[in-house]
Amino acid sequence: MTSSAVDFRRQERVPHRWHVLRLLRAMRSGHPFIRLWDLSCLMHLEGVPLAVHYFGFLERNGYIVPCGTEGLQAHYYTLTSDGIELHDQGERWWGSLRWPQKYWVIWRG
């Protein structure tokens, strides 16, 4: 999560830097990402209501992996080492911004 919002190893742009950083923060603090069946409307991450929009990006780029299942339909995801690295880079990037820049990122992505 560099200032240009591009992950150079995978060349895929981080979709909305603020929302993705909030999602990574929640997962880093121990909240699991839960997916029920294969329905996007049945995804949950504590405190991050827009998490469903970024699930594909995180899974496709190897930032999250399944860590367990509950029954046949509930899949729990956790951060990979790349996901932890993305979180750490994002926190450093966020800390380097001034408040006007932070507001811009929050509203514009």
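Trainee: What do the buried residues of α1 pack against in this model?

Mentor: Quite a list: β3 (33-36), α2 (55-60), β5 (64-70), β6 (74-79), α3 (81-96) and α4 (99-108). Keep in mind that this is a predicted model.

Trainee: What makes α1 mostly covered?

Mentor: Nine of its twelve residues are buried. The buried residues are Arg-17, Trp-18, His-19, Val-20, Leu-21, Leu-23, Leu-24, Ala-26 and Met-27.

Trainee: Why is His-19 called buried?

Mentor: The cut-off for buried is under 20% relative accessible area. His-19 comes in at 16%, so it counts as buried. This histidine belongs to helix α1. Leaving aside neighbours within four places in sequence, His-19 touches Leu-50 and Tyr-54. His-19 and His-53 are 34 residues apart in sequence, with their C-alpha atoms 9.4 Å apart.

Trainee: And how do you know whether Leu-21 is buried or exposed?

Mentor: Set its value against that cut-off of under 20%. Leu-21 has 0% relative accessibility, so the verdict is buried. Leu-21 is also in helix α1, and its C-alpha is 9.5 Å from that of Asp-88, although 67 residues separate the two in sequence.

Trainee: How do you know that the span of α1 is close to what is expected?

Mentor: Compare the two figures. Helix α1 covers residues 17-28, twelve residues, and reaches 16 Å from first C-alpha to last. At 1.5 Å a residue, the expected value is 16 Å. After the helix comes Gly-30, with a positive phi near 110 degrees.

Trainee: Moving on to α3 and α4, why are they called oblique?

Mentor: Their packing angle is about 130 degrees, and their axes are 8 Å apart. Roughly perpendicular runs from 65 to 115 degrees and roughly antiparallel starts over 145. An angle of about 130 degrees fits neither range, so the helices are oblique to each other.

Trainee: Which residues make that contact?

Mentor: From α3, Trp-93, Trp-94 and Ser-96; from α4, Gln-101, Lys-102, Val-105 and Ile-106.

Trainee: Those two tryptophans caught my eye. How many aromatic pairs are there?

Mentor: Six aromatic pairs, counting rings whose centres lie within 6.5 Å.

Trainee: Why is the pair of Trp-93 and Trp-94 called tilted?

Mentor: Their ring centres are 5.9 Å apart, so they pair under the 6.5 Å limit. Stacked needs planes under 30 degrees apart and edge-to-face needs over 60. Their planes are at 55 degrees, so the pair is tilted. Trp-93 and Trp-94 also join Trp-18 in one aromatic cluster.

Trainee: What makes both of them buried?

Mentor: The relative accessible area is 6% for Trp-93 and 9% for Trp-94. Buried means under 20%, so both qualify.

Trainee: How do you know that Lys-102 lies over the face of Trp-99?

Mentor: The distance to the ring centre is 4.6 Å, against a limit of 6 Å for NZ of Lys. The charge must also sit within 35 degrees of the ring normal, and Lys-102 is assigned to the face of Trp-99.

Trainee: What does the whole chain look like?

Mentor: The protein chain has four helices and six strands, running β-β-α-β-β-α-β-β-α-α from the N terminus. Of its 109 residues, 41% are buried. Among contacts between residues at least 6 apart in sequence, 50% join residues at least 24 apart.

Terms used
Residues are numbered from 1 along each chain as its sequence is written. This is a predicted model: local features need pLDDT of at least 70, side-chain atom pairs count only at pLDDT 80 or more; totals for chains, interfaces and linings use all residues. Side-chain values use heavy atoms; hydrogens and water are left out. Buried means under 20% relative accessible area, exposed over 50%, partly exposed in between (1.4 Å probe, protein chains only). Helices (H or I, at least four residues) and strands (E, at least two) are DSSP runs, numbered from the N terminus. The expected span of a helix is 1.5 Å times one less than its number of residues. Contact means heavy atoms within 4.5 Å. Axes are lines fitted to C-alpha atoms, for helices over the stretch in contact, and angles run from 0 to 180 degrees between N-to-C directions. Angles under 35 degrees count as roughly parallel, over 145 as roughly antiparallel, 65 to 115 as roughly perpendicular and the rest as oblique.
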